[in-house]
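Got the viewer open and the cartoon representation switched on? Let's walk through the model together, one selection at a time.

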Amino acid sequence: MRRLQARFVFSFLMAMYSQVLFAADLEALPGFLRSDPFGAIVAPDRSGADLASTLYDAQHRIMLTGSRGGYVSFHLVVKLPLPGLYTLDVKISDPTNKVQIDLFREWFHLTDSDKHYYPDALIPVHSTYSSRLPEPDNRIPQQTAQAFWVDVYIAPDAHPGTLSGSATLKAGTKMMTLPIQVTVLASVIPKEDVVTIDHNSYGSSWLAQQFAASYQRNPDHWFESDQFFGLIHAYHRVFYEHRGIFHQLGYGHSGKVGPEFAPVLDGSGKRKHITNWSLYDRHYGPLLDGTAFSPSRRGPRPIPFVYLPINPEWPASYEFWGEAGYEAEFVNVVSEMERHFREKRWTQTNFEVFFNHKKRYKGFPWDGDEVRFPKDLKYFNEYGRLLKEALPADTPVHFLFRADVSWDMEQQFKVLDGVVKLWCAGGGILSFYKDAPKMLRNRGDVIWYYGGPPSVTDSSAAITEFPLRAWLWGVNGYVHWLTVSPGEDPWFHFDGGQTALVYSGERFGLTEPIPSIRLKIQRNCLQDLAVLDSLKGRKSLDSLRAEAARRYNDSSLDDWWNPRPALADLPSDQWLGSAIDDATRHTQQALQHPAASAAHKVHQYALSLQAEAK
Amino acid sequence: MKIPYLIVLSVSFTFATVGTPKLSPEASVAMQKELEDVARVGSVMVDGDVCQKIVTEQAKGFLFVTVPRDRFLAGDNYDVDDAAFNTVKKTLIRLSHLASFPADVNLWMPIERHPGKIQLVIRNRNEMSQFWNWGELYGDMDPQMETVLKTGQRVTVTNKPGWISVLAPVYNSLGDVVGLIETVSQIKVDAHENVK
């Protein structure tokens, strides 16, 4: 009897096991369709679910096409209906190694807002990855699917043609293979981006929090350690690899400057001068000469923009504001900085003189950021004068006066003409002034606009709206105001990621930040925009933009602007935030919730034009 | 279960990050003495009449206005008379030089017709305060602040471990206490705190 029972149990288990193996599945999804940990497409992306099988050809092969000098991406989803072990192996056969696979395991974040799982953080794994479901560290009850992001990198000097590869899932004795075919186009994605995408941050104390284990090993000297500076460089590198730039503001609203953001000063009045560049040069030297990027695929290159520590309290003490001593301190120290940068040959970077303070934070009596009261502009003019006095007329070092503007931007464009050269404008209010980008660029200014990353609970295409809008508007760039702050517990209590596009890799034994799906999708969009813009010799830029907008969300170029509202003629200190919301309603309605496939359609457009060119 | 765990984790991290502030009792007393001296001089030097001119009527008018569709209304309308602000700020900076260690002297003002509320009006370069919650336009008045405003007495506050503040009255020409200064320092200064 006991033997019969054992036999029954054994047979039952075998049957169950066979079921599991039989049901094990491997699915490829386009990059814009994110899977949840149970194998369904997340709700915000379901509008594009009809395109789920577009990666496959009639023989059920994964068909990829890409230009050289860039990436082609997709998801692989491993599905096991019952708990079990598996191995995923992804490969492309390229003897020249010019086409490479980067495989990332997708972390499923549980969001506090809707209690759903969304994949976003990307953990680099080897192209042969073995684990089990449920994935132990993600701790999802009844997890039946694990998604992977696959980047296929095509080097600029790869040979055009077709390569073969495969994605193979092994689960027990069962093996399943999806053939992959990569078509490498002769066209090369321009190295230069048509819009600069900036990823902003504040200070560096967050690094000690997000890399707490590293910090704990050397708490007294961590902020002066090679690990610390290496980490900062790694943040620059992850954004650079994704066709973006990274900014770290080094001072607070009352003028406190972090030690690694400024040279050491000594003395007062006309005797104030720089005494030590050590920390500054360790921080910025590899960024300003480009060597921090030597390990990257895009190669070494100096960062194009960097904040200076200059603020109303540095280098001159506000104690002397309006007096000869303030001018002496400012001019002498800034002159020393110019000399140092010139001697180091740091001449390919724009050094930004930027005032971030707001009077509501009680440090200073004028707004440096987002001026609302026109009387504050006199301070900008005074700093413009001081800066001119500090710098040799023929300096090869690029100092650039930057202003982040919103309420009063139209007035500032006029009053600060010739003083401010880099404008970072609030997107909502800039949308009233259709002629502004062209006017500013014609006079040699740089114009960016700013906003923040979308939540993971938005459509996967939401992140692409920003670079696309920048290109459609004809501005030079876009700033995500905060991109390194994923919240206290992004892994199990996620706030949605509206202040983060990268995550700490420390949880996974890594000493660097890791990217996100949103960052990857943004990068792929930037590739497409660079390609489209490069075709303006064959088609007019307006027609390229119009067709991209149409394909993106069936919009016209005018849908991306708002009519100039009556409030624009009121003094800016009388504007109400709610009135601005009302005045931007047109674009909010016309552009809200892009379909998940919106950027994919622009990508298809870029590919079709490349095919025509061929 | 999770909340206490997070609190413990957070507290542990804070101490691990900043380190438990330690200073010999003598040194701590010496710091306190210096801050008291600064506060005493500050009470004499800070001009309460000028302080009363700093926050503009527009800013005062919007300070307590809340509109659901415009959550930054008060902050967006916060404005100051820059001449008055600069005059007082320069005095506060000079006062901080009296200390032999990094210290700030901040100006706090009560809010007319809103008893129990107080606002920080001027901060300084070390971005230190034992009372200010970062970003707030105004807050509830601490009982120790209330004591200063009601009695004109100086009060030393060491509520937060590692922090010393001395609160001292600011007088106008009528002899009224119209505000207070907070002379403040930390036993262990965090060079990266508030660089944001």
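Which strands of chain B does helix α7 (residues 143-151) lie across? Select α7 of chain B and look at what it covers: β1, β2, β4, β5 and β6 of chain B. Its direction is about 30° from that of β5(B). Keep in mind throughout that this is a predicted model.

**The sheet in chain B**

Now show the strands beneath that helix. They belong to an open sheet of six strands in chain B, with antiparallel pairing and the order β3-β2-β1-β6-β5-β4. Colour β3 (139-140) and β4 (155-157) of chain B to mark the edges, since each of these strands pairs on one side only.

Next, pick out β5 (residues 163-171) and β6 (residues 177-186) of chain B. These two run antiparallel and are joined by nine bridges. For one bridge to zoom in on, try Y171(B), whose partner in β6(B) is V177(B).

Then add helix α6 (residues 82-96) of chain B. You will find α6(B) across β1 (104-110) and β2 (117-122) of chain B, at about 135° to β1(B).

**Over to chain A**

Zoom out and select the whole of chain A, which has 16 helices and 22 strands. Its radius of gyration is 26 Å, close to the 25 Å that the globule rule gives for 614 residues, so chain A is as compact as a globular protein of that length. Along the principal axes, its C-alpha atoms fill a box of roughly 100 × 55 × 50 Å.

**A helix pair**

Within chain A, select α11 (residues 465-473) and α12 (residues 517-534). Their axes come within 9 Å and cross at roughly 20°; α11(A) and α12(A) are therefore roughly parallel to each other. The crossing is right-handed.

Turn on side chains here. From α11(A), P467(A), L468(A) and W471(A) meet Q522(A), C525(A), L526(A), L529(A) and D533(A) of α12(A). By class, the residues of this contact are six nonpolar, one polar and one charged.

**Where the chains meet**

For the last stop, display both chains. Here 35 residues of chain A are in contact with 37 residues of chain B. On the chain A side, highlight α2 (205-210), α3 (212-216) and α14 (577-583), each of which supplies at least two residues. The largest share, three residues, comes from α14(A). Colour that side of chain A by residue class and you get 14 nonpolar, 13 polar and eight charged residues.

Note on methods:
Residues numbered from 1 in each chain as written. Chains lettered and ligands numbered in written order. Predicted model: local features only at pLDDT ≥ 70, side-chain atom pairs only at ≥ 80, totals over all residues. Contact = placed C-beta atoms within 7 Å. Helix = DSSP H or I, 4+ residues; strand = E, 2+ residues; numbered from the N terminus. Nonpolar A, V, L, I, M, F, W, Y, C, P; charged D, E, K, R; others polar. Pairing = 2+ DSSP bridges. Axes fitted to C-alpha atoms, helices over the stretch in contact; angles between N-to-C directions. Parallel < 35°, antiparallel > 145°, perpendicular 65-115°, else oblique. Left-handed = near helix turned anticlockwise from the far one by under 90°. Rg over C-alpha atoms; globule rule 2.2 N^0.38 Å.
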